[in-house]
Amino acid sequence: MGELPEAVLPSTVWERCVGRLPAAEAARIVHAPRPEVSFVAHVEGLVQVVLCLLQNALDATRAKGTKVHTSCIQDAESTTFVVTDAGPGMSPDLLARVGEPFFTTKPAGEGMGLGLFLARTYAERASGTLTFESTVGVGTSVRLRLPTLSKKELHG
């Protein structure tokens, strides 16, 4: 996290992520807007993490062509980014390994297995959490929860 923390709106994070996707992929994302307030984060790192979550969800749903749903939940204690797909879902055995370095379910050459590891590392370094809920045949929901911190607290 070699960047300084700054105040950002969740919608700005979503917009930066979607702006980095090909138009056809961006069109498959459905965002549920909610009232929002700015929060303090290492913004570029956060954009990279949320983009990783979006790309994984888009990959999981590509064969079906289904939409990926996103939202952000905020309260006085945290900001939580939610990415939900209707992909194949993961078995409990696979779900237990999500976030391990170099673990991937993607075909050879399509993923190194570092994206979710780095996402989890970002969450932990920001005193947050990255959680997954998944049901085989139904899909997966990922929650990146970041506590509401001041810039001073983020600097450590």
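This passage walks through a predicted model, starting with its sheet and moving on to the helices packed around the sheet.

Strands of a sheet pair through backbone hydrogen bonds, and they can do this either parallel or antiparallel. Here, five strands come together in an open sheet with mixed pairing, and reading across the sheet gives the order 2-4-5-7-6. Strand 2 (29-32) and strand 6 (129-135) sit at the edges, so to speak, each pairing on one side only. On average, and with direction ignored, neighbouring strands of this sheet are turned by 15 degrees against each other.

Two of the pairings are worth following residue by residue. Eight bridges link strand 5 (residues 78-85) with strand 7 (residues 139-147) in the antiparallel sense. In this pairing, T79 of strand 5 is found opposite L146 in strand 7. Strand 7 also runs antiparallel to strand 6, and seven bridges join these two. Here E133 stands opposite S141 in strand 7. Strand 6 and strand 7 make a hairpin with three residues between them, and G137 in the turn has a positive phi of about 85 degrees.

Strand 6 also shows a neat back-and-forth pattern in its side chains. L130, F132 and S134 point to one face and are buried, whereas T129, T131, E133 and T135 point to the other face and are not buried.

What about a single residue inside the sheet? S71 belongs to strand 4. With a relative accessible area of 10%, S71 falls under the 20% cut-off and therefore counts as buried. Once neighbours within four places in sequence are left aside, the contacts of S71 are W14, H31, A32, R34, T80, F81 and V82.

Helices pack on this sheet too. Helix 1 (residues 10-19) packs on the sheet and touches strand 2, strand 4 (68-74) and strand 5, with its direction at about 35 degrees to that of strand 5. Helix 5 (residues 115-125) packs on the sheet as well, touching strand 6 and strand 7, and its direction makes about 135 degrees with that of strand 6.

The helices also meet one another. Two packed helices are described by the angle between their axes and the distance between the axes. For helix 1 and helix 3, the angle is about 60 degrees and the axes are 9 Å apart. Helix 1 and helix 3 are therefore oblique to each other, and their crossing is right-handed. On the helix 1 side, the contact involves V13, W14, R16 and C17, which meet V43, L46, V47, V50, L51 and L54 in helix 3. Sorted by class, the residues of this contact come out as nine nonpolar, no polar and one charged.

Helix 3 (residues 43-61) has a second partner in helix 5: their axes come within 10 Å and cross at roughly 140 degrees. Helix 3 and helix 5 are therefore oblique to each other, and helix 3 passes helix 5 in a left-handed crossing. G45, L46, V49, C52, L53 and N56 of helix 3 meet G115, L116, A119 and Y122 of helix 5. This contact of helix 3 with helix 5 has seven nonpolar, three polar and no charged residues.

Methods. Residues are numbered from 1 along each chain as its sequence is written. This is a predicted model: local features need pLDDT of at least 70, side-chain atom pairs count only at pLDDT 80 or more; totals for chains, interfaces and linings use all residues. Side-chain values use heavy atoms; hydrogens and water are left out. Two strands pair if DSSP finds at least two bridges between them. Helices (H or I, at least four residues) and strands (E, at least two) are DSSP runs, numbered from the N terminus. Axes are lines fitted to C-alpha atoms, for helices over the stretch in contact, and angles run from 0 to 180 degrees between N-to-C directions. Contact means heavy atoms within 4.5 Å. Angles under 35 degrees count as roughly parallel, over 145 as roughly antiparallel, 65 to 115 as roughly perpendicular and the rest as oblique. A crossing is left-handed if the near helix is turned anticlockwise from the far one by less than a right angle, and right-handed if clockwise. Ala, Val, Leu, Ile, Met, Phe, Trp, Tyr, Cys and Pro count as nonpolar, Asp, Glu, Lys and Arg as charged, and the others, Gly among them, as polar. Buried means under 20% relative accessible area, exposed over 50%, partly exposed in between (1.4 Å probe, protein chains only).
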